[in-house]
Amino acid sequence: YKRQLAGWFAFNISAPQAGVYVIKIIEVYSNGSSPGSQPFITNETTLLLTIDKGTITLTNDTFFNFTYDGHSIIMNFTATLSPPTGGGNIHDVLNYTLFLNGSLINSTTVALGSSTSLTIRDVRAAAGTYVYEFNISNTTEGNYTLPDTLVAVLTISKATPTLRVYIDEQPVNKTVKYPSQVSLKANASLGNVTPIPPPTFNLYVVNVTPSSPAISLTYSGNPVEFQQTFGNGTYIIIYNTTGNANYTSVENATIYLKVNKGTLSGSLAGSDVTYPTDVSISFSESNVGDSDVVYKLYRNDSWVTDNPSSIVEDLGAGVYVYVVNSTGGANWTSNASIATLTITVNKGVLGGTISCSPSTTVAYPNQTSCSFSESNVGDSDVVYKFYRNNVEVSSPDTLTLGAGVYTYLLNTTSGPFTNWTVNSSIAT
């Protein structure tokens with residue numbers, strides 16, 4: 001620069017990179033003589049210009065602990081570039097890298113200027129532990145101080161399903177009597193999300209009573225619902241899941257179903273009769289699960305038969321009380337009076353006939369022979385009386401009678417008789 005008068009001189013210096021620059025100023029001027037004359041005076045000044053490097057700040061989201069709910073978690077990693085105070089624009093080319101659990105998932109090279117920021121995102125939804133490393137791998141022009149690697153850990157914990165079990169619509173233990181049908185339901189809440197794939201849920205029903213038949217049932221699904229009749233015993237009902245990548249294993253609080261033995265029932269049917277008609281008795285029952293039950297039929301405390309369905313008996317006149325009982329079985333209690341029936345066999349009316357040979361009308365002096373006959377069973381205690389004109393005669397009554405009318409009568413003694421009523425006129 002050339003100037004005739006004394007004054008300040010301004011210089012603009014452009015430095016391409018941060019660093020320390022040596023500026024040497026050499027001033028040559030004359031002592032007032034014309035140019036080219038001697039002597040000239042020379043001054044030299046040395047200045048140091050220092051341009052600091054810019055800074056890079058790495059930041060990320062501050063919330064790192066979540067429980068799986070099926071929704072995506074967005075992780076933002078931001079690099080903010082700031083030049084030194086009064087440093088003006090500092091350019092550089094930077095390489096950003098983002099590692100997840102040791103594997104590179106993003107690498108971006110960007111040419112940047114002053115006060116510039118860059119955000120890299122990563123999206124995760126599944127449960128797990130995610131270790132991120134975010135850094136600036138290099139700077140081409142060296143105008144920025146490389147920051148330490150930013151390490152962030154995102155934890156998405158497994159969710160725990162909420163399990164429920166219901167016995168006849170109630171989430172509590174229940175006692176029923178065999179053969180009641182029981183409704184079992186179970187379901188699980190997974191939050192406001194439909195996971196893919198969902199966990200597998202199983203419902204187990206296990207008889208834990210040592211003396212009862214071993215029963216173990218398994219149903220799968222969410223929800224589960226079914227109806228069933230369970231035999232005598234105590235059952236533990238378990239609804240659980242082994243979980244999966246996003247859900248923990250869990251089972252419901254213990255719930256029990258107790259099934260007490262039932263009371264056997266049945267009915268006897270029959271009608272009163274008149275001797276000597278046979279007595280017909282039938283027994284019916286609809287007790288399920290009674291294959292081990294023996295039904296015993298008694299008449300007036302005397303055993304008749306086991307497991308009756310229908311019987312026919314030849315009984316004398318009298319009153320008969322039939323009872324069916326049982327000592328029970330695996331699902332049924334003993335019952336001394338499952339069914340009762342009272343049958344009355346009324347005394348019969350004796351029958352008989354009188355016949356005469358050769359006829360009931362003869363001409364004197366022909367001989368006649370009159371006799372009676374009967375087919376009454378069970379009449380061993382009956383005494384029959386045969387009369388001719390109110391005079392007891394034997395049967396047959398064989399003789400020659402004089403001309404006249406003769407009346408024969410068959411009756412009995414005054415009794416009483418076991419199976420028959422007294423009859424003063426069985427036949428005439």
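Which residues form a nonpolar patch on the surface? I began my notebook with this point, working on a predicted model. I found that Val-20, Val-22 and Leu-48 form the patch, and that together they have about 330 Å² of accessible area. I then looked up Leu-48 and located it in strand E2, residues 40-51. Its relative accessible area is 64%, so I entered Leu-48 as exposed, the cut-off being over 50%.

**Entry: the nonpolar cores**

I turned next from the surface to the interior. In general, nonpolar side chains of soluble globular proteins tend to be buried together. Here I noted that the largest nonpolar core holds 82 residues. Within this core, Tyr-96, Phe-230 and Tyr-322 touch the most other members. I listed the contacts of Phe-230, leaving aside neighbours within four places in sequence: Tyr-178, Ser-180, Val-182, Leu-184, Val-205, Leu-217, Tyr-235, Leu-257 and Val-259. I also recorded a second, separate core of five residues, which includes Cys-370, Phe-386, Val-393 and Tyr-408.

**Entry: Leu-341**

I looked up Leu-341 in strand E28, residues 335-346. Is Leu-341 buried or exposed? Its relative accessibility is 15%, and buried means under 20%, so Leu-341 counts as buried. I noted that Leu-341 and Tyr-322 stand 19 residues apart in sequence, while their C-alpha atoms are 5.1 Å apart in space. Setting aside neighbours within four places in sequence, I found Leu-341 in contact with Leu-268, Ala-269, Gly-270, Ile-281, Tyr-320, Val-321 and Tyr-322.

**Entry: aromatic pairs**

How many aromatic pairs does a search of the whole structure find? I recorded 13. A pair of aromatic rings is described by the distance of the centres and the angle of the planes. For Tyr-275 and Trp-420 I wrote down 5.3 Å centre to centre and 85° between the planes, an edge-to-face pair. This pair links distant parts of the chain, 145 residues apart. Tyr-275 sits in the loop between strands E22 (273-274) and E23 (279-284), and Trp-420 in the segment after strand E34 (408-412). I entered Tyr-275 as buried at 7% relative accessibility, and Trp-420 as buried at 4%.

I then examined Phe-372 and Phe-386, a tilted pair with 5.4 Å between centres and 55° between planes. Phe-372 belongs to strand E30 (residues 368-373) and Phe-386 to strand E31 (residues 384-388), 14 residues apart. Phe-372 is partly exposed at 22%, whereas Phe-386 is buried at 2%. I also noted one aromatic cluster, formed by Phe-77, Tyr-96, Tyr-132 and Phe-134.

**Entry: salt bridges**

Side chains of opposite charge can pair when their charged atoms come close. I recorded nine salt bridges in the structure. One of them joins Lys-174 and Asp-168 at 2.7 Å, N to O. Lys-174 is partly exposed, at 29%, and Asp-168 is partly exposed, at 22%.

I also looked up the bridge between Arg-299 and Glu-313, which has an N to O distance of 2.5 Å. Arg-299 lies in strand E24 (residues 296-299) and Glu-313 in strand E26 (residues 310-313), so the pair ties together parts that are 14 residues apart in sequence. Glu-313 counts as buried at 12% relative accessibility.

In the bridge of Lys-385 with Glu-392, the closest N and O atoms are 3.4 Å apart. I entered Lys-385 as partly exposed at 22% and Glu-392 as partly exposed at 44%. Last, I noted that salt bridges with shared partners join Glu-169, Lys-185 and Glu-225 into one network.

Conventions:
Residues numbered from 1 in each chain as written. Predicted model: local features only at pLDDT ≥ 70, side-chain atom pairs only at ≥ 80, totals over all residues. Heavy atoms only, no water. Core = buried A, V, L, I, M, F, W, Y, C linked by side-chain atoms within 4.5 Å. Buried < 20%, exposed > 50% of the residue type's maximum accessible area, 1.4 Å probe, protein only. Contact = heavy atoms within 4.5 Å. Patch = residues over 30% accessible without salt bridge, like charges linked within 9 Å, V, L, I, M, F, W, Y side chains within 5 Å. Areas by Shrake-Rupley, 256 points an atom, 1.4 Å probe, with all protein chains shown as cover. Salt bridge = Lys/Arg side-chain N within 4 Å of Asp/Glu carboxyl O. Helix = DSSP H or I, 4+ residues; strand = E, 2+ residues; numbered from the N terminus. Phe/Tyr/Trp six-rings, centres within 6.5 Å; stacked < 30°, edge-to-face > 60°.
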